[in-house]
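Student: I have a structure open on my screen and would like to learn how to read its cavities and salt bridges. Could you walk me through them?

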Amino acid sequence: MIKAADLPETLSVFPLPGALLLPRARLPLHIFEPRYLAMLDDALKTPERLIGMVAPNEVPGREGPGLHMIGCAGRITQFSETDDNRYLITLSGVSRFRILSEVEGFTPYRRCHVSWDGFDRDLGRGEKDSAFQRPAFMDLLRRYFEQLELSTDWETLKEADDELLINSLSMLLDFTAEDKQALLEAPSLSTRRETLITLLEFALRGGTGEDLIQ
């Protein structure tokens with residue numbers, strides 16, 4: 001397990017639209033662009049093997065790196081190389097970070113000075129959500145899946161612990177980039193669950209401002 005003292009002050013970042021990584025969750029990635037192949041090779045040479053996932057935040061006319069300020073670092077825990085020099089990797093979420101500034105350098109990929117302050121709970125063994133009402137949540141989730149004509153392994157969802165269930169759904173469901181960023185920035189598992197419920201209810205209302213389902 002990576003400790004706070006192992007977290008670097010400078011981190012390679014991978015801006016990827018629509019991707020969300022959360023602490024203690026896993027994100028599979030397909031790496032093929034030369035600059036990100038170089039990033040991967042360099043990350044594998046370090047003891048921590050960390051890559052920072054961060055969402056682009058391009059706003060015309062606004063100065064800055066064009067990135068959201070909060071991302072999540074993942075440790076490369078699985079990787080395989082294909083015959084045509086591409087990589088299939090899995091990142092395991094370690095901790096969120098805040099971008100302080102972008103590093104000016106000669107690497108083909110982007111690097112940032114980061115702060116890990118305020119995300120101490122990310123390095124723990126897992127969060128609990130004592131207020132989580134699973135039966136009501138599963139009913140809401142089932143209505144959401146039926147409305148969008150989605151299928152899933154309901155037995156696996158029922159058996160998943162609270163954090164795995166909430167974080168996996170936050171990562172996998174088709175929310176907007178801003179909604180995913182809100183899920184990432186939620187300060188606790190209970191807050192993320194509340195945000196997720198709001199997004200599911202909003203979708204069931206067809207994206208209107210009507211009263212949410214109780």
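Tutor: Happy to; we will take the cavities and then the salt bridges, bearing in mind that this is a predicted model.

Student: How many cavities of 30 Å³ or more are there?

Tutor: The general idea is that rolling a probe the size of a water molecule over the atoms shows where empty space is left. Here the count comes to two cavities of 30 Å³ or more. The largest cavity has a volume of about 120 Å³, and among its 13 lining residues, Ala 19, Leu 20, Ala 55, Gln 181 and Leu 184 are the closest to its centre.

Student: Which helix gives the most to the lining of the largest cavity?

Tutor: Helix 5 does, with four residues. Strand 3 (50-54) and strand 4 (70-81) each supply at least two residues too. By type, the lining of the largest cavity divides into nine nonpolar, three polar and one charged.

Student: What lines the second largest cavity?

Tutor: Its lining includes Arg 24, Arg 96, Asp 122 and Glu 127. The lining of this cavity, with a volume of about 30 Å³, divides into one nonpolar, one polar and six charged residues.

Student: Now the salt bridges. How many does the structure hold?

Tutor: Side chains of opposite charge can pair when their charged atoms come close. This structure holds 11 salt bridges. One of them joins Arg 110 and Glu 102 at 2.7 Å, N to O. Another joins Asp 42 and Lys 45 at 3.9 Å, N to O.

Student: In that second pair, is Lys 45 buried or exposed?

Tutor: Lys 45 is exposed, with a relative accessible area of 68%, while Asp 42 is partly exposed at 31%.

Terms used
Residues numbered from 1 in each chain as written. Predicted model: local features only at pLDDT ≥ 70, side-chain atom pairs only at ≥ 80, totals over all residues. Heavy atoms only, no water. 1 Å grid on protein atoms, 1.4 Å probe; cavity = no way out; pocket = protein on both sides within 12 Å on 5 of 7 lines; lining within 4 Å. Points joined across faces, edges and corners; volume = space filled by probe spheres on them. Nonpolar A, V, L, I, M, F, W, Y, C, P; charged D, E, K, R; others polar. Salt bridge = Lys/Arg side-chain N within 4 Å of Asp/Glu carboxyl O. Buried < 20%, exposed > 50% of the residue type's maximum accessible area, 1.4 Å probe, protein only.
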